[in-house]
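Have a look at the sequence and the model below, and keep the viewer open as you read. This report is meant to be followed residue by residue.

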Amino acid sequence: MGGKVLDYEAKTIYMDGKNDGIALGMAKGVAQGRASLVLDMIKGGLEIGTIARIARMSVEQVTEIGRKAALE
């Protein structure tokens, strides 16, 4: 096995990891943005069921976001 094959494999592994990291970061960012929006709606006094419907989340997920924010 020559250096070119190993170099190619290393670059492929690196790019796969980089792309996975970018995708994960974007997904976390979207989730944080949704949680922030849900929290603003809770603070604004909207009903939990309404928030869940708007955010396309379960009532339990919305409640958990509110609970976590209260602990911070």
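What follows is a short tour of helices, a pocket, two residues and some charged pairs.

## The model and its long helix

Please bear in mind that this is a predicted model. A good place to begin is helix α1, which covers residues 3-43. It has 41 residues and reaches 59 Å from its first C-alpha to its last. That span is close to the 60 Å expected at 1.5 Å a residue.

After α1 comes G45, and its phi is positive, near 90°. Further along the chain you will find helix α2 at residues 48-55 and helix α3 at residues 59-71.

## The largest pocket

Which residues line the largest pocket? The lining is made up of A35, S36, L39, Q61, E64, I65, K68, A69 and E72. The pocket itself has a volume of about 160 Å³.

Two helices, α1 and α3, each supply at least two residues of this lining. The largest share comes from α3, with 5 residues. In chemical terms, the lining divides into 4 nonpolar, 2 polar and 3 charged residues.

## I65, a buried residue of α3

I65 is worth selecting in your viewer, as it is one of the pocket-lining residues and sits in helix α3. Is I65 buried or exposed? Its relative accessibility is 18%, and because buried means under 20%, I65 counts as buried.

Leaving out residues up to four places away in sequence, I65 touches A35, V38, L39 and M57. Among these, L39 is 26 residues from I65 in sequence, yet their C-alpha atoms are 6.9 Å apart in space. Both A35 and L39 also belong to the pocket lining.

## I54, a partly exposed residue of α2

Another isoleucine to look at is I54, which lies in helix α2. At 46% relative accessibility, I54 counts as partly exposed. Setting aside neighbours within four places in sequence, its contacts are M41 and L46.

For a sense of distance, try drawing a line from I54 to K18. These two are 36 residues apart along the chain, and their C-alpha atoms are separated by 33 Å.

## Salt bridges

How many salt bridges does a search of the whole structure find? The search finds 2.

One of them joins K11 and D7, whose closest N and O atoms are 3.8 Å apart. That distance qualifies because the cut-off for a salt bridge is within 4 Å. Both residues belong to helix α1, where they are 4 residues apart, so about one helical turn separates them. K11 is exposed, with a relative accessible area of 53%, whereas D7 counts as partly exposed at 41%.

The other pair is E64 and R67, with closest N and O atoms 2.5 Å apart. Here the two residues are 3 places apart in helix α3, so they too are separated by about one helical turn. E64 is partly exposed at 30% relative accessible area, and R67 also counts as partly exposed, at 43%. E64 brings us back to the pocket, as it is one of the lining residues.

Methods
Residues are numbered from 1 along each chain as its sequence is written. This is a predicted model: local features need pLDDT of at least 70, side-chain atom pairs count only at pLDDT 80 or more; totals for chains, interfaces and linings use all residues. Side-chain values use heavy atoms; hydrogens and water are left out. A salt bridge is a side-chain nitrogen of Lys or Arg within 4 Å of a carboxyl oxygen of Asp or Glu. Buried means under 20% relative accessible area, exposed over 50%, partly exposed in between (1.4 Å probe, protein chains only). On a 1 Å grid over the protein atoms alone, a cavity is a set of points where a 1.4 Å probe fits but cannot get out, and a pocket is an open set with protein on both sides within 12 Å along at least five of seven lines; lining residues have an atom within 4 Å of a point. Grid points are joined across faces, edges and corners, and a volume is the space filled by probe spheres set on the points. Ala, Val, Leu, Ile, Met, Phe, Trp, Tyr, Cys and Pro count as nonpolar, Asp, Glu, Lys and Arg as charged, and the others, Gly among them, as polar. The expected span of a helix is 1.5 Å times one less than its number of residues. Contact means heavy atoms within 4.5 Å.
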